Amino acid sequence: MSIDTADAILRTGESQLSLPLLHSTEGSDAYDVSKLLKETGRVTLDPGFVNTASCRSAITYIDGDAGILRYRGYPIEQLAEESTYLETAYLLIFGELPTEGQLAAWVDEITRHTFVHENVKRLMEAFRYDAHPMGMLISSVAALSTFYPDALRIDDAETRMIETKRLIAKVPTLAAWAYRHSRGFPYVYPQNDLGFTGNFLSMMFRMAEPRYVADPVLERALEVLFILHADHEQNCSASAMRSIGSSHVDPYSALSGAAAALYGPLHGGANEAVLRMLAEIGDVRHVPAYVERVKGGEVKLMGFGHRVYKNYDPRARIIKQTADSVFEVTGRNPLLDIALELERIALEDEYFVSRKLYPNVDFYSGLIYQALGLPVGMFPVMFAIPRTAGWLAQWLEGIVDPEQKIARPRQLYLGSDERDYVPIERRAAVEAASVA
Ligand code: ACO
């Protein structure tokens with residue numbers, strides 16, 4: 001990265017400050033404002049960090065206008081076609097595709113860490129029968145920190161890597177158990193001779209059979225979904241991971257916070273919201289009326305729009321194809337017709353076209369999860385499993401970045417000036433006087 005100095009000059013009264021322009025490999029260049037407060041006493045105001053790069057990163061690149069997503073330079077379409085989730089996780093974390101030997105060792109180490117302490121199981125069993133699986137996942141991931149107190153040694157590279165492997169391996173186990181709990185089924189232990197997604201499907205769906213073998217089409221579809229969801233640069237949950245991690249807490253606590261950020265309906269909870277919306281619409285004939293409600297500002301079209309993509313989300317395109325292969329095995333999801341009609345109308349309507357609102361990753365993923373037999377509460381959990389690799393890659397990068405400090409934004413204070421404390425018996429009189 002090279003620096004052009006004095007590309008922007010900020011004048012404040014007598015003094016002036018040059019803001020060096022930092023060049024990115026691709027995408028937006030950045031003005032370095034790190035000396036602003038010290039030199040001028042002023043801050044920038046940027047709600048939602050829409051204009052702010054919070055870090056330098058070499059992990060994931062998105063071009064929202066062109067609909068491009070790349071992990072470590074590799075296009076998402078190629079990874080979805082050629083790679084596996086664990087290979088993609090390796091790529092995100094180490095920066096390069098593994099050799100055969102590296103991949104075999106990586107898969108072996110992740111597989112060895114899939115079991116969790118029996119007390120974690122007991123902890124999960126203590127949840128109410130109707131506990132939201134995402135709440136169970138967030139809590140049980142946080143609880144893991146108490147089983148691995150060494151994880152606090154975040155300055156030690158070896159410790160960081162062990163915890164990274166543990167988290168990638170154990171989150172699917174916790175996720176599957178959250179689902180089993182919601183169904184009142186016994187928890188299924190990992191079966192380590194199965195692949196990553198095959199084992200996950202076994203922990204989800206195995207009943208009386210001694211060995212559960214998933215349909216290879218569904219196993220591969222899940223692999224593709226996991227690859228597509230593995231990272232997405234500085235989104236709300238990745239920022240939460242980095243932000244919490246910047247206090248040097250252990251990665252379990254940080255990842256639990258990141259999962260909590262993902263839970264919200266404006267982020268990873270959107271796939272759940274999409275299914276609720278499609279069910280509410282109920283029939284293709286009701287789509288035009290629903291679109292009118294959206295345009296009237298009454299409701300949002302869930303699964304549409306994105307802070308970065310102002311074009312078709314490339315993941316949505318791949319998921320749409322994956323959905324077709326899944327439906328061939330599971331049967332067609334009746335809500336698909338409503339989704340297709342919504343997309344068709346929205347893509348032609350001036351309201352959506354002028355605001356560059358396109359389907360995002362969540363628009364079709366929920367339909368696949370539902371076809372697999374999952375309740376909507378499991379959808380954000382299905383997002384959190386693969387995103388674990390991305391959160392950890394972001395965390396690992398942040399921890400060793402000498403430029404990073406504890407995340408601590410400033411504010412533009414708009415509250416009251418200094419005033420004197422009023423004893424409680426005098427408050428009514430003071431308030432009456434101020435109104436008069
Ligand atoms: N339905 C209807 N109108 C929308 C939608 C939507 N889904 N999304 C944005 N708009 C409108 C806004 O009302 C606004 O209109 P205005 O200019 O008339 O006021 C305009 O489009 C711009 O929207 P913003 O809210 O400024 O966009 P922002 O970048 O802040 O929000 C977000 C992005 C949160 C994803 C938003 O599009 C949204 O709420 N979408 C629905 C929820 C969703 O699908 N989230 C998943 C995102 S993908 C993920 O996190 C994995």
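User: In this predicted model, which class contributes ten residues to the shell around the ligand?

Analyst: The shell around the ligand contains five polar and four charged residues. The class that contributes ten residues is nonpolar.

User: How many residues surround the ligand?

Analyst: A residue is counted here if one of its heavy atoms lies within 4 Å of the ligand. The closest are His267, Lys300, Leu301, Gly303 and Arg307. The number of residues that surround the ligand is 19.

User: What percentage of the ligand's accessible area does the protein cover?

Analyst: Polar side-chain atoms of His267 and Asn360 lie 2.9 Å and 3.0 Å, respectively, from an oxygen atom of the ligand. For Arg355, an N or O atom of the side chain is 2.9 Å from a ligand oxygen. On its own, the ligand has 920 Å² of accessible area, and the portion covered by the protein is 71%.

User: What distance separates the end C-alpha atoms of helix H11, residues 251-263?

Analyst: Helix H11 has 13 residues, and at 1.5 Å a residue these should span 18 Å. The separation of the end C-alpha atoms agrees with that expectation, being 18 Å.

User: Which residue caps the N-terminal end of H11?

Analyst: The backbone nitrogen of Tyr252 lies 2.9 Å from a side-chain oxygen of the capping residue. That residue is Asp250.

User: Against which helices do the buried residues of H11 pack?

Analyst: The buried residues of H11 include Pro251, Tyr252, Leu255 and Leu262. The buried residues of this helix pack against H6 (133-147), H7 (157-183), H10 (236-245) and H18 (379-399).

Methods:
Residues numbered from 1 in each chain as written. Predicted model: local features only at pLDDT ≥ 70, side-chain atom pairs only at ≥ 80, totals over all residues. Heavy atoms only, no water. Helix = DSSP H or I, 4+ residues; strand = E, 2+ residues; numbered from the N terminus. Expected span 1.5 Å × (residues − 1). Buried < 20%, exposed > 50% of the residue type's maximum accessible area, 1.4 Å probe, protein only. Contact = heavy atoms within 4.5 Å. Polar contact = N/O pair within 3.5 Å; in protein donor to acceptor, adjacent residues only side chain to side chain. Areas by Shrake-Rupley, 256 points an atom, 1.4 Å probe, with all protein chains shown as cover. Nonpolar A, V, L, I, M, F, W, Y, C, P; charged D, E, K, R; others polar.
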